[in-house]
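Hi,

Here is the structure I promised to pass on. Have a look at it first, and then read my notes underneath.

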Amino acid sequence: MADDAATQGGKHMGADTQAKDEGEFVFVYSTFGSMGDAERAAEALVREKLAACVNIHGGMRSVYEWKGTVEKEDEVAAFIKTRAALAGRVMARLGELHPYEVPAMLVLPIAGGNEDYLEWARGQTKV
């Protein structure tokens, strides 16, 4: 068996391909004020089969104007991996879960990826 870092569970994970239907998957990007808030939202979205996976990145600093004042806050970013067909439902549910008055919820396209990962993601989400 090869010790190749691109091999996982006996399957080669390195080959990039187009999604079966280009645009089938998207990221929904959002920010949260704490890791705990982001994890609670992520767990709900994954449990409810609205997201295959959520990557949460800490250590981010945001600068923005809110109600006439420039604010500087520590935040965490969440990249919610889902199907394009679920993006509206993800944003509606995220709006219910999110503690911010006006949360950022941006849909970013995914042009493609390795087919074995995309197949796994299809199995984790329910359209």
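Keep in mind that this is a predicted model. What struck me first was the contact pattern: among contacts in the protein chain with a separation of 6 or more, 74% are between residues 24 or more positions apart.

As for the layout, the chain has three helices and eight strands. Reading from the N terminus, the order is β-β-β-β-α-β-β-α-β-β-α. Of its 127 residues, 31% count as buried. The accessible surface is about 7700 Å², with 53% of that belonging to carbon and sulfur atoms.

Now for the inside. The largest nonpolar core has 15 residues, and the ones touching the most other members are Phe32, Leu45, Val54, Ile80, Val90 and Leu94. At least two residues each come from strand S4 (25–32), helix H1 (35–47), strand S6 (69–83) and helix H2 (87–97). H1 gives the largest share, four residues.

Leu94 is a good place to start clicking around. Not counting neighbours within four places in sequence, Leu94 is in contact with Val28, Ser30, Phe32, Ala41, Leu45, Ile80 and Met105. Apart from this core there is another one, made of five residues, including Phe25, Ile110, Leu118 and Ala121.

In general, nonpolar side chains in soluble globular proteins tend to be buried together.

Cheers

Conventions. Residues are numbered from 1 along each chain as its sequence is written. This is a predicted model: local features need pLDDT of at least 70, side-chain atom pairs count only at pLDDT 80 or more; totals for chains, interfaces and linings use all residues. Side-chain values use heavy atoms; hydrogens and water are left out. Buried means under 20% relative accessible area, exposed over 50%, partly exposed in between (1.4 Å probe, protein chains only). Contact means heavy atoms within 4.5 Å. Accessible areas come from the Shrake-Rupley method with a 1.4 Å probe; for residues, only the protein chains shown count as cover. A nonpolar core is a set of buried Ala, Val, Leu, Ile, Met, Phe, Trp, Tyr and Cys residues joined through side-chain atoms within 4.5 Å.
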